[in-house]
Structures are given as C-alpha cells and as structure tokens.
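Grab a pencil and work through these short exercises on a sheet and the helices beside it. Each task comes with a worked solution.

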Amino acid sequence: MVCPLAQQDGLGARIATSAVFFAVGTGLVVHVRGTLLRELRQIRKVAGAAQSVLLRPLPSRIDGLGLAATQLSADRGAAVGGDLYEVIATEHGVRVVMGDVRGHGLGAIGTVAAVLGSFREAAHDEPELGGVLRRLDRALARHLRERARGEHPSSGPDTDNPVAEDFVTVLLLEIHPDGEMYGLNCGHPWPYLLGPGRVAPLASAEPLPPLGPFPLPAVLPAEHCGQLLPGEGLFLHTDGAEDARDARGRFFPLLPALAEAVHDRPVVPEAVLRAVLAGLLRHTGGRPADDVALLVLRNDRRRVPLHQGHGVSRHLPHRR
C-alpha cells in the first residue's frame, strides 16, 4: 500500500512490485517452516525421552542372562504402542513380564505405564509370582476406573464406559539361578525354548483369562516350566508377531523363522532377534497392522555345582 512502485502503472513497476511481494512472502514461509520444524524436533525429543522411560531399553545382560528386545508400534510416528516387556533381577530370581494391551498406539500407553509401573515394584516386593500378578491386576483395575471416570465424569464411579472393559494379556516368568523356570500366563502366547537346531514351546498349560474382564482365581500356583540350561534361550513375543499377515492374508510363519535362526548354530539373542524381525518386516511389507514386541534371552551362566570336594564337581543333569 505504501510502496512507491505500487503507485506506478508501468509494466516494469508491476514486475518489481510482484518480485518484492514474492520475496517477502517466501521469507515468511521459510521462517514459519523453520519454526515449525524446530518445534517438531523438540516435541519428538521430549516424546522419545518419555517413551524411553516408559519402555526403557534393556541391558545386554542381567544376572547371567543375555538379552535382546525390540518393539514396533503399528501407529506411524509412535515408538511405543500397546505392547510391554521388562526384565528385572530380584532376590527371588530374574522376573520377566511380557504383555499386550487391547488396542495399540497412543491410546494404550497409559495402560502400559500402569502395568509396567506396578510390575517394577511388585517384582521386588512379592515373594511369590502369584502375588506379582495380583498387584498387576489391581493396578490395571484402578487405572481403568480412573480413565473411565476421566473420560465420562458424569457417569459416576460405576461407569459402563467401554474403557472399563479393556484387558491386558500378561505372561510372567521367574528364572532361578539354577535355571528352573516358573510362569503365570493370562491369555498370552507361551514362549519358545531355543537350543542349537531346536525350537519347542516352553509350556502347554491352558492360560488364564486376560487381566481386566474376569477376577483372578483364589489360588495362583505358578506353572513349572522346566529348566533353562546354559546355552539355551527363550523367545517371548506378543500375538502381533504370529498374527502378522502379508498382502495375500497369509500369517507370518514364526516357528519356521525361529527354526531357521537357530539352525546348526548357537543361540545368540541379537542374531535371533534380527533374523525374526527382518523376516516379519519382509512379510508385512514393512507395515505390521498390530504392535509387535519381541524379547530373546539366553542362559549364559555356568552350571551350578551341587557338591565340590577334592577337585571333583557334580553338575546339574541335562534335560532328558
């Protein structure tokens, strides 16, 4: 409006005016774009820090067990979805949790936080695995009630909000120093036992119902799952791995992928994880429709001597 060139009617003045306006507009667009990109990078940095606290990276070794784990979210841009895992060394043994929240993506993160937070305390406090499971069940029920009231405050404490009907499948494992394993399973896939050239289901017991919709039984005896010998491993997963489909609707062949990963070679957690993950991404075209969590652990401990004297040691027997 006040530009002298804009007051002139000549072609050259109009071209010059257009050039000035174009330069100013371009500068504004570049400035706004740069500001938005900086804000986006900051948001991603904060989100990544929060997600790493929620589903913190596991160390490569815990109490003589080698570890490797990964998680894929079905939501683009989210590093954490509805799957959860944790491994903690306690005075009761190494305790492991693997779980799967109904749904996926950002809406499930609050439930993941409630379950993981409860496990990280209960794993140390509870002497029995059943006590850990009851703590998780109470934490989940409390979280779902609070979430339902928050979304529908006018419905009162006994809300019929569908949030209150959400559930979580949970697998708890306890591994003792001698390799003896005990588990409690609430609607989750059982792990696979890995050995050189060998893959087998860890247990065949019928799981309990998932946490949430149904009360837990009055008695919760842990299932004895055998012994994890030195050099053997476990492969834990959520159902997103078994249910992943390709473009033709075929399920991912998880068992053959595991057999190929340990064929005529020692169990190496990182190598098994890479092989299965690469096969799953190829099968789904890089876009799994559901969250996927994978965890591989291997017993790197030496055999525990039962008696030692005069230079002679007896060792735990091999599994028959």
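**Exercise 1.** Start at one residue pair: which residue in strand 8 does Gly195 stand opposite? Then place its strand in the sheet.

*Solution.* Keep in mind that this is a predicted model.
- Step 1: Gly195 stands opposite Arg198 in strand 8.
- Step 2: Zoom out to strand 7 (residues 192-195), which runs antiparallel to strand 8 and is joined to it by 4 bridges.
- Step 3: Now the whole sheet: 6 strands in the order 1-2-11-10-7-8, open, with antiparallel pairing.
- Step 4: Strand 1 (61-62) and strand 8 (198-201) are the edge strands, each pairing on one side only.

**Exercise 2.** Find which strands helix 5 and helix 6 touch.

*Solution.*
- Step 1: Helix 5 (residues 254-261) packs on the sheet against strand 7, strand 8 and strand 10 (233-237), its direction making about 20° with that of strand 7.
- Step 2: Helix 6 (residues 269-284) also packs on the sheet, touching strand 2 (65-72), strand 7, strand 10 and strand 11 (292-299). Its direction makes about 20° with that of strand 2.

**Exercise 3.** Work out how helix 5 and helix 6 are oriented to each other, and what their contact is made of.

*Solution.*
- Step 1: Their axes lie 9 Å apart, at an angle of about 140°.
- Step 2: Roughly antiparallel would need an angle over 145 degrees, so the two helices are oblique to each other.
- Step 3: The crossing of helix 5 and helix 6 is right-handed.
- Step 4: Helix 5 brings Leu254, Leu258 and Ala261 to the contact, while helix 6 brings Val272, Ala275 and Val276.
- Step 5: Sorted by type, the contact residues are 6 nonpolar, no polar and no charged.

Note on methods. Residues numbered from 1 in each chain as written. Predicted model: local features only at pLDDT ≥ 70, side-chain atom pairs only at ≥ 80, totals over all residues. Heavy atoms only, no water. Pairing = 2+ DSSP bridges. Contact = heavy atoms within 4.5 Å. Axes fitted to C-alpha atoms, helices over the stretch in contact; angles between N-to-C directions. Parallel < 35°, antiparallel > 145°, perpendicular 65-115°, else oblique. Left-handed = near helix turned anticlockwise from the far one by under 90°. Nonpolar A, V, L, I, M, F, W, Y, C, P; charged D, E, K, R; others polar.
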